[in-house]
Amino acid sequence: MERVTIFDTSLRDGEQSPGIALNVTEKLEIAHQLARLGVDVIEAGFPAASPGDFEGVRAIAEQVRGASVAALCRTREDDVERAWDAIKPAERPRLHTFISTSPIHREKKLRMTTEQVLAETARAVAQASAFTDDVEFSAEDATRTELAFLVEVFAAAIENGATTINVPDTVGFVMPAEFVEILDALRERVPGADRVVWSVHCHNDLGLATANSLAAVRAGARQVEVCVNGIGERAGNAALEEVVMALRTHSPTLGYETGIDTREITRTSRLVSMLSGYPVQRNKSVVGANAFSHESGIHQHGVLMERTTYEIMNPEDVGLTGSTIVLGKHSGRHAFVDAVTKLGYGGDEAAVERAFVRFKDLADRKAAVTDNDLVALVTEEASQAPSGGGVWAFEGLDVAHTTDTPPTATVRLSRDGATVAETATGDGMIDAACNAVAAAVGVVARLLSFQVAAVDEGSDAMGDVSVAVEVGGERVVARGVSVDVVEASARAFLNAVNKVVGGTAVAHRTDKP
Ligand code: KIV
Ligand code: ZN
């Protein structure tokens, strides 16, 4: 088996998805889970983008062990220095510097000549190599770059100390066969090609990111850059779970392996979805709710006779136990903590305690509480802004609405032992509930986007609401769950507001690469 390095960029390229803005606590939680998943490299962020990005990368470098921690930087001298400052406490720090190489980017974006791009590449890689011997260089928009120039740029990077050479399909333009030709040519023509690891970074604009990544591996790439759930700029990046499970499913014929503990895939997917506010589409490969469910009678019959008639992967291999841990209202704290710990979410004791209180309430409202419900409750609680510092707790909600009267909501919130109640009206019950939350907290907040999904199946399933909210000029995303979608919306809205009033919100930067 040949080993393929999995470079996860969920916290960098993934975090550039419109509307995602993770705070340091959330980034750390995802990074710890990525390390448990077994990724080789965690690209933790782009430190020069903002103080918040720097802090996030720094915290991951200091606290997360078991994976290399990479930071992205442009070729500018101060960018490289800033990135190094952020990652130097890491067990295995990696500097990742990049510059655009395609004619369109050189002329319209950088306004640089080919000589200038070459000189910048050589200078930045040499600077990075003086800090660490693990240096990655990326030629942004490589797949639309003249091959001869790309050869020169990569040669300069290798000569100056780059150890990984990344070939990004930045705009998701290339086709698999063409990508193979590009990689074959580069590996043949770039001096020093055999001394470096070849890497690819594929965007999904034409839905080809996974196919291109796999074609590249067959053409000699030994690092693939991916994001959990395929998040990332525009249509996203190659999805970690797709690339890893394709390599694994075809390992008998292809002969590649990764260091991923695939049983952690589902948990990682749920965590990233919860904290990023990006729901996973039901029919998403590997991690979608339907990925292992069979609707037609013929399929069901086949699977009952022999699972492999319609399943090419074993659900247990991606961390789906198939079990429904049915807890009810008579289950105590011990059973709850035990179930949550078995699901792998027992780490944050305060969050588990808050989730237990909500579980008791849920068990009164829903016949059977499933493992998906538990995960939803605990991950929502774990994503809360830490209490204190102005953060409000949700206590209760009353809503009233008939076809003849305007929707009215009264919300009760508490802070430092004091409870406040505020009533507001709105265009609908969700609008009224959000207005009541804003009034109770005393902020100007506006709902920018709203999505609801069901945590499980059945009419008593909890609603899982993702919101983007503008609070005092800052844009934040958050999620909330409840059997009542209006309550889930109020909780999500409050979680967003708390990120701002608790000071843990991060401004979403749009000037990242
Ligand atoms: O898509 C891209 O080209 C990138 C690089 C910065 C690696 O994200
Ligand atoms: Zn990218």
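The nonpolar cores and the main pockets of the structure are described here. The model is predicted; local features need pLDDT of at least 70, side-chain atom pairs count only at pLDDT 80 or more, and totals for chains, interfaces and linings use all residues. Residues are numbered from 1 along each chain as its sequence is written, and side-chain values use heavy atoms, without hydrogens and water.

The largest nonpolar core (buried Ala, Val, Leu, Ile, Met, Phe, Trp, Tyr and Cys residues joined through side-chain atoms within 4.5 Å; buried means under 20% relative accessible area with a 1.4 Å probe, protein chains only) holds 90 residues. F137, F154 and W198 are among those with the most contacts inside it. Helix 6 (residues 147–159; helices are DSSP runs of H or I, at least four residues) gives the largest share, eight residues. The core lies between domain 1 (2–276) and domain 2 (292–319), because both give residues to it; domain bounds come from an automatic or database assignment. A second, separate core has 30 residues, including L413 and V471.

The largest pocket has a volume of about 1300 Å³. A pocket is an open set of points on a 1 Å grid over the protein atoms alone, where a 1.4 Å probe fits, with protein on both sides within 12 Å along at least five of seven lines; lining residues have an atom within 4 Å of a point. Volume is the space filled by probe spheres set on the points, which are joined across faces, edges and corners. Of 41 lining residues, R270, A289, L320, N372 and V455 are the closest to the centre. Helix 11 supplies the largest share, six residues.

Terms used:
Chains are lettered from A and ligands numbered from 1 in the order in which they are written. Buried means under 20% relative accessible area, exposed over 50%, partly exposed in between (1.4 Å probe, protein chains only). Helices (H or I, at least four residues) and strands (E, at least two) are DSSP runs, numbered from the N terminus.
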